[in-house]
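User: I should like to go through this model with reference to the definitions behind each term. Please show the sequence and structure.

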Amino acid sequence: MEFFLDTANLDELRKGVSWGIVDGVTTNPTLIAKEGKPFEEHIREICEIVDGDISAEVVATDSAGMISQGKELAKIHKNVVVKCPLTRDGIMATSALSKEGIRVNVTLCFSPGQALLAAKAGAYIVSPFVGRLDDIGYTGMELIRSIVQIYKNYGYKTKVLAASLRSPTHVIDSALAGADIGTMPFKVLDMLFNHPLTDKGLDQFLKDWAKVFQETPVAG
């Protein structure tokens, strides 16, 4: 499973990339707005840090506007993937952009039927939101499993990106469910490293090493 960071913060991206485990980035208008920079300039900076798929979202709500914005976003950098919402206009735009060779991430997916529409429209990625479904009493991970199975049944090439991952458990469950990509906040990626037995074991190794090899011999 590929690991994407769901952030537009450049410091977080640099840190994640330094670990050698970040494959791409997902952004949205909210994340970009938090950084306080011009949109296109910020996307270019992200593309300079991360050599992988960088999702940049349209803000138009009509298909013509989405298509126009999508074409402009795709010009920013070869790694940009245009994000369109899973609405009727968004699917129309996805179909049009995909036919022109522009990769599209269809976002805000909350049902298997919606995911099927995205694949039919030629989406490069579909983004089902796990955490937001959990928030309203559904089991978000069931959505990932259903989409993976449907795409397998018919050989759809659309990648399943598990979004709204809020904990290491979400990440692991997405991997078990067969998601192609998991996108997560930096803090969740960082939490994947943590285990008390790792810390305990490393501490013991270092103590043993110091005891055997670094004690000063007593003169006889």
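User: What do the buried residues of α1 pack against?

Analyst: This is a predicted model, in which local features need pLDDT of at least 70 and side-chain atom pairs count only at pLDDT 80 or more, while totals for chains, interfaces and linings use all residues. Residues are numbered from 1 along each chain as its sequence is written, and side-chain values use heavy atoms, without hydrogens and water. The buried residues of α1 pack against β1 (2-6), β2 (24-26), α3 (39-49) and α10 (186-191). Contact here means heavy atoms within 4.5 Å; helices (H or I, at least four residues) and strands (E, at least two) are DSSP runs, numbered from the N terminus.

User: Which residues of α1 are called buried, and why are they said to lie on the same side?

Analyst: Leu10, Leu13 and Gly16 are the buried residues of α1 (residues 10-18), buried being under 20% relative accessible area and exposed over 50%, with partly exposed in between (1.4 Å probe, protein chains only). They cover an arc of only 125 degrees around the axis, and are therefore on the same side of α1; the arc is that of the directions from the helix axis to the C-beta atoms.

User: Which exposed residues does the face turned away from the buried side carry?

Analyst: That face of α1 carries Asp11 and Ser18.

User: What makes the pair at the start of α1 a polar contact?

Analyst: A side-chain oxygen of asparagine 9 comes to within 3.1 Å of the backbone nitrogen of aspartate 11. A polar contact is a pair of N or O atoms within 3.5 Å; within protein, one must be able to donate a hydrogen and the other to accept it, and residues adjacent in sequence count only if both atoms are side-chain atoms. The pair therefore qualifies.
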